[in-house]
Amino acid sequence: MLSIKNLHVSVEGKSILKGINLEVKAGEVHAIMGPNGSGKSTLVHVLAGREGYDVTAGAVTYLGKDLLALRAEERAREGIFLGFQYPVEIPGVSNIYLLKAALNAIRKHRGEEELDAIDFLARVREKLKLVEMKEDFMYRSVNEGFSGGERKRNEILQMAVLEPRLALLDETDSGLDIDALKIVANGVNALRTPERAVVLVTHYQRLLNYIVPDYVHVLVQGRIVKSGDKSLAHELERRGYGWVEAEARA
Amino acid sequence: MNGEVDTRGDYLQAIRTLEHELPGRNSWMKDLRAAAAARVEAVGFPTVRDEAWKYTNLAALMRQRFLPIASAPSFANEQLERLLPDGLDTYRLVFVNGRLRADLSSPTLGNGEVASSLAQQLRDHPGALEPHLGRVLPDAIHSFAALNTASFVDGACVRLRAGATLERPIHLIYVGVPEALVQPRTLIIAQAGSRATIVEQYVGADGDRYFTNAVTEVVLEQGASIEHYRLQQESGRGFHIGGLYVRGEAQSSFTSHAIDLGGLLVRNDLQVALNAVGAVCTLNGLYVADGRQHIDNHTCIDHAKPGCTSREFYKGVLDGRARAVFSGRVVVQPDAQRTDAEQVNNNLLLSEDAEIDTKPELEIYADDVKCSHGATVGQLDLDQLFYLRARGVDDAAARDLLTFAFANEILQRLRLAPLRATLERLLTTRLLQGRGIRELELL
Amino acid sequence: MATSNREVEELIGRQYRHGFTTLVEADSLPPGLNEDIIGALSAKKQEPAFMLEWRLKAYRHWLTMKEPKWAHVHYPPVDFQSIIYYSAPKSQKDRPKSLDEVDPKLLETYEKLGIPLKERELLAGVAVDAVFDSVSVATTFKDKLAELGIIFCSFSEAVQKYPDLVQKYLGSVVPYTDNFYASLNSAVFSDGSFVYVPKGVRCPMELSTYFRINASKTGQFERTLIVADEGAYVRYLEGCTAPMRDENQLHAAVVELVAMKDAQIKYSTVQNWYPGDEQGRGGIYNFVTKRGACRGDSARISWTQIETGSAITWKYPSVILEGDNSVGEFYSVALTNNYQQADTGTKMIHIGKNTRSTIVSKGIAAGHGQNAYRGLVKVLKGARDARNYTQCDSLLMGDKCGAHTFPYIEVKNPTAKVEHEATTSKISEDQLYYLRQRGLSAEDAVSMVVNGFCKEVFKELPMEFAVEAQKLIGVSLEGAVG
């Protein structure tokens with residue numbers, strides 16, 4: 001589904017990613033872990049198409065297409081969803097309005113009929129249950145005045161409604177208490193199907209108790225220095241990142 | 001014809017009679033003076049028909065016909081002592097009638113730093129002054145500032161070498177004298193990376209009538225940092241028109257504390273040009289007026305280059321028949337991306353006959369900016385008042401206390417502790433009308 | 001001086017007595033402005049004597065005035081002697097015969113706004129006789145209004161049928177001496193709307209110029225007068241979201257609102273006149289005077305405006321809060337793109353006790369647009385416990401535009417509470433990226449963020465108007481994002 005080859009990225013002349021190679025197949029969950037500043041967030045933003053990142057070398061293929069040639073909204077319509085670490089507030093734009101506009105933009109792109117208001121609401125109500133949110137939540141402005149936990153749940157709700165092919169979740173667990181963490185994890189697990197893939201970016205192993213990954217990669221100073229299965233996450237939890245960094249230097 | 005034109009003629013005549021006494025014999029200085037005189041002649045003095053003066057009527061000032069006088073009455077050390085903030089250890093320069101009184105001043109600085117008579121500096125080091133004197137002032141300046149340029153006799157000159165840091169503040173005291181037009185001129189040149197605190201204090205004996213027409217220019221070269229205090233404590237019958245014009249180069253930092261307590265009719269123009277990347281300015285202001293006082297503060301911050309920051313916070317407390325004007329203009333020029341500007345003006349009206357006109361302005365020609373302003377006019381917060389009364393403070397004391405607290409928010413920003421303490425005391429007597437201090441201490 | 005002035009006036013007066021009769025017979029008056037022209041105009045409209053007198057007083061006063069110069073508005077001088085101040089409605093043969101003859105760009109905009117086909121013909125000035133289904137609807141409306149004693153008609157009709165009401169209220173809020181353009185309007189206004197809602201009557205429907213079917217074009221000097229008597233309520237909608245075809249470059253309308261005790265007037269405007277081309281050529285100059293007076297206690301006047309059109313917009317819908325406990329409101333969205341200039345805001349004059357005003361202004365500047373808010377909040381000495389809250393936000397799109405905020409606050413009463421807040425910032429890249437990440441196109445993302453920014457104002461509009469306004473913002477911003 002997603003194939004990253006030798007990806008080099010710099011920001012304002014500073015090299016951040018230094019040759020990332022990663023293959024993600026449909027049905028897989030990959031966790032990318034690493035210390036702060038290792039380039040985890042840069043990786044997901046480059047995949048989502050944020051401006052301001054210079055790809056200096058390498059290639060990314062997504063469903064057979066050159067991903068880097070697409071604009072952010074085209075990637076979203078092709079099924080890439082980014083769960084933001086810091087979801088932005090958009091005053092005056094209600095959640096429900098955004099969701100409807102986004103869903104219909106994606107459906108139109110796929111050549112599907114736009115959902116009418118009744119079908120749309122039915123779908124949203126079903127997904128609201130999944131993230132344990134009340135309906136009045138939908139009529140508030142996007143993320144405005146939301147607590148950290150509410151914002152993250154809102155991201156999962158949007159993901160559930162938009163049903164992406166590839167979900168990139170950037171530190172979705174940060175700032176969540178254990179109940180909220182379970183809700184978020186349920187939301188992600190509900191999305192796991194043989195057609196979809198998930199890339200989780202996280203600093204801590206905690207989230208991986210609830211969303212069990214097929215692969216774990218450790219990103220250090222812009223390179224994936226170690227890959228393994230879920231046991232690698234436990235080892236990192238126990239021993240910290242120091243030993244991987246040391247191994248990488250060796 | 002009308003009085004305004006007449007006054008213009010009087011002033012121009014006065015400039016000519018002063019000519020023999022004016023310092024600076026160089027051609028550039030003569031050109032500067034001549035251009036300024038020409039400006040006075042060409043544009044005349046402002047009236048309420050000028051947008052920048054619409055709330056300040058100068059008719060009363062114009063009727064007075066204050067003119068320069070050559071010799072000042074005596075001013076003794078005891079009189080001076082009463083004016084000095086307690087415990088403030090400074091390099092001191094005292095000017096009476098706009099002329100340096102060496103006998104009242106403390107010794108000048110060593111180490112190549114200069115704080116001395118502007119007239120003397122013009123004679124001894126004209127080359128050091130030429131690039132700056134009269135050049136920080138914008139060209140299209142009102143005639144009072146031009147009049148000062150055309151005819152100032154003396155004032156203070158502060159020059160700081162690159163990297164110099166002054167331990168003690170420089171204290172400039174300007175004393176008004178009865179029936180005179182007094183025109184102090186101050187020039188502050190802070191070379192790269194230098195740091196200093198400068199206090200300008202304008203005073204006059206109570207009951208004296210006079211007109212102070214002051215201009216200060218400040219140049220901050222790269223990375224320089226100046227904390228500037230302007231304490232306006234003119235006589236209750238004094239007129240004061242003051243201009244403070246500042247140019248900040250890259251990474252420079254200018255802080256102004258403008259405190260207006262005195263004067264019958266006061267107009268201050270404070271203009272800061274943030275002239276290179278990363279320049280910062282902070283303008284704090286407090287005006288407290290009662291009786292028939294009229295205090296007008298016009299500020300303008302010009303974000304001329306990208307990445308500059310400005311913060312402005314002015315407060316006013318008005319009692320009696322006092323009237324205050326605040327106009328705060330923030331301009332962001334087309335190139336000045338990443339500008340960050342905030343401005344707040346809060347006013348408290350204490351009496352039926354007090355009046356405030358406030359006019360914050362944003363004029364923005366760049367898009368990547370974060371600018372805001374806010375202005376309020378109001379009374380004391382009833383919840384706070386109730387809270388204090390619920391704690392047993394009587395209504396009058398609670399009001400006084402909250403009024404003091406309102407004004408004190410500005411004083412708390414002053415870094416010179418002795419000065420802050422002196423002003424707090426002054427404010428306590430002024431706002432609490434002699435009572436309430438005990439209650440204040442009790443709390 | 002005074003004598004010679006009177007002599008001049010007399011001279012002018014004599015001239016017109018002899019001169020104007022031939023003018024009346026002509027189909028259109030020749031270009032130019034003098035007392036003959038005004039006399040002829042008034043005669044053509046068969047106005048009572050008081051109207052002619054009033055027009056002439058206004059004209060004579062106008063002659064003594066200077067055209068204002070505004071710091072933030074730039075345009076070439078207007079030649080008032082080249083304007084035709086009266087012309088008979090265009091005959092059918094001069095108009096386009098079908099939509100095929102209409103500028104395709106205009107049609108494209110109608111399409112985007114979703115204007116029904118029949119209405120497109122009307123808006124584009126196509127010669128059609130029976131206009132659209134609403135003719136019958138309009139008649140039904142008229143019957144219903146008449147039953148309640150509500151007068152809603154063209155200004156010309158009101159002058160004929162209700163001269164006493166017109167004489168009583170005309171110029172009572174905006175005197176003919178008010179300002180250069182208001183004086184000019186008073187002298188030469190061609191037509192407009194008149195509304196009178198009697199005591200205690202709640203107007204059951206939204207009144208709109210839109211419903212005055214086939215009322216001939218009111219032209220460039222429009223006059224509107226709305227009076228809500230004690231306890232009455234009326235909501236008036238002016239303009240529509242579709243761009244109107246118009247040959248006149250200068251528009252100088254006057255709107256006067258009078259709200260008596262306990263009355264309420266809500267006045268909403270959507271102004272979408274031709275803004276000029278991408279270089280700013282040929283757009284409308286819109287110099288309007290709009291003012292309401294809360295004459296009685298607890299009266300309430302609310303202005304809502306969506307300004308996206310015209311090359312230059314200069315208007316400050318204001319409220320004079322005379323009655324105790326009266327309320328004034330101003331909600332505004334002004335958008336400037338390409339080379340448009342807008343200088344708009346409001347004046348809230350607090351005279352009565354316990355008067356309240358709210359100002360919410362949202363300015364959007366894109367392209368080379370210049371957008372200024374200019375407002376005055378004035379609390380007079382007797383206005384105890386007056387309250388004002390002002391929120392004034394500007395959004396900038398692109399580095400060639402400008403946003404300016406010039407509030408004036410004048411307070412002469414210590415019990416007043418006045419709060420003003422303003423912010424100016426660039427449209428947020430983070431918000432746009434977030435929306436695009438959810439699949440929205442760059443233009444839709446911009447439109448969504450801008451509409452969110454304007455929401456506080458849109459919610460003051462009737463539902464269907466608000467929906468149209470949102471679409472209008474999207475259309476007006478086209479080309480603003482790269």
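Select C:Lys412 and B:Glu355. Their side chains meet in a salt bridge, 2.4 Å from N to O. Keep in mind that this is a predicted model.

**Stop 1: where chain B touches chain C**

Stay at this interface. Three salt bridges are found across it. Polar contacts join 19 residue pairs here, counting pairs with both residues at pLDDT 80 or more. Now colour two strands of chain B: S19 (355-364) and S20 (369-378). These are the elements that give two or more residues to the side of chain B that touches chain C. What classes of residue make up that side of chain B? It has 14 nonpolar, nine polar and twelve charged residues.

Next, select every contact residue. You should find 35 residues of chain B in contact with 34 residues of chain C. The area buried between these two chains is about 2,700 Å². Carbon and sulfur atoms give 46% of that area. Then pick out B:Glu352, B:Asp367 and B:Val377. In chain B, these three lose the most area to chain C, together 20% of what that side buries.

**Stop 2: a strand pair across two chains**

Show S19(B) beside strand S19 of chain C, residues 402-411. In which sense do these strands run, parallel or antiparallel? They run antiparallel, and six bridges join them. Strands of a sheet pair through backbone hydrogen bonds. Turn on the backbone and look for B:Leu362. Opposite B:Leu362 stands C:Thr405, in S19(C).

**Stop 3: where chain A touches chain C**

Move to chain A. Select A:Glu51 and C:Arg436. Here is another salt bridge, at 3.1 Å from N to O. How many salt bridges are there between chain A and chain C? The count is four. There are also 14 residue pairs in polar contact, both residues at pLDDT 80 or more.

Now colour the contributors in chain A. Helices H1 (40-48), H2 (72-77), H3 (95-109) and H5 (148-162) are among the elements that each supply at least two residues to the side touching chain C. Strands S6 (80-83) and S7 (90-94) do so too. Which element gives the most? H3(A) does, with six residues. By class, this side of chain A divides into 20 nonpolar, six polar and seven charged residues.

Widen the selection to the whole interface. In contact are 33 residues of chain A and 18 residues of chain C. Between them about 2,100 Å² is buried, and carbon and sulfur atoms give 58% of it.

**Stop 4: the sheet of chain A**

Hide chains B and C. Six strands of chain A form an open sheet, in the order S6-S9-S10-S3-S11-S12. The pairing is mixed. Go to the edges: S6 and S12 (223-228) of chain A each pair on one side only. From one strand to the next, the twist averages 20 degrees.

Zoom in on S3 (residues 29-33) and S10 (residues 197-202) of chain A. They pair in the parallel sense, over five bridges. Select A:Met33, then find its bridge partner in S10(A), A:Thr202.

**Stop 5: helices on the sheet**

Bring H1(A) back into view. H1(A) packs on the sheet, touching S3, S6, S9 (166-170), S10 and S11 (215-220) of chain A. Its direction makes about 145 degrees with that of S9(A). Finish with H5(A). This helix lies across S6 and S9 of chain A, running at about 170 degrees to S6(A).

Notes:
Residues are numbered from 1 along each chain as its sequence is written. Chains are lettered from A and ligands numbered from 1 in the order in which they are written. This is a predicted model: local features need pLDDT of at least 70, side-chain atom pairs count only at pLDDT 80 or more; totals for chains, interfaces and linings use all residues. Side-chain values use heavy atoms; hydrogens and water are left out. Contact means heavy atoms within 4.5 Å. Buried area is the accessible area (1.4 Å probe) that two parts lose on being put together, summed over both. A polar contact is a pair of N or O atoms within 3.5 Å; within protein, one must be able to donate a hydrogen and the other to accept it, and residues adjacent in sequence count only if both atoms are side-chain atoms. Helices (H or I, at least four residues) and strands (E, at least two) are DSSP runs, numbered from the N terminus. Ala, Val, Leu, Ile, Met, Phe, Trp, Tyr, Cys and Pro count as nonpolar, Asp, Glu, Lys and Arg as charged, and the others, Gly among them, as polar. Two strands pair if DSSP finds at least two bridges between them. Axes are lines fitted to C-alpha atoms, for helices over the stretch in contact, and angles run from 0 to 180 degrees between N-to-C directions.
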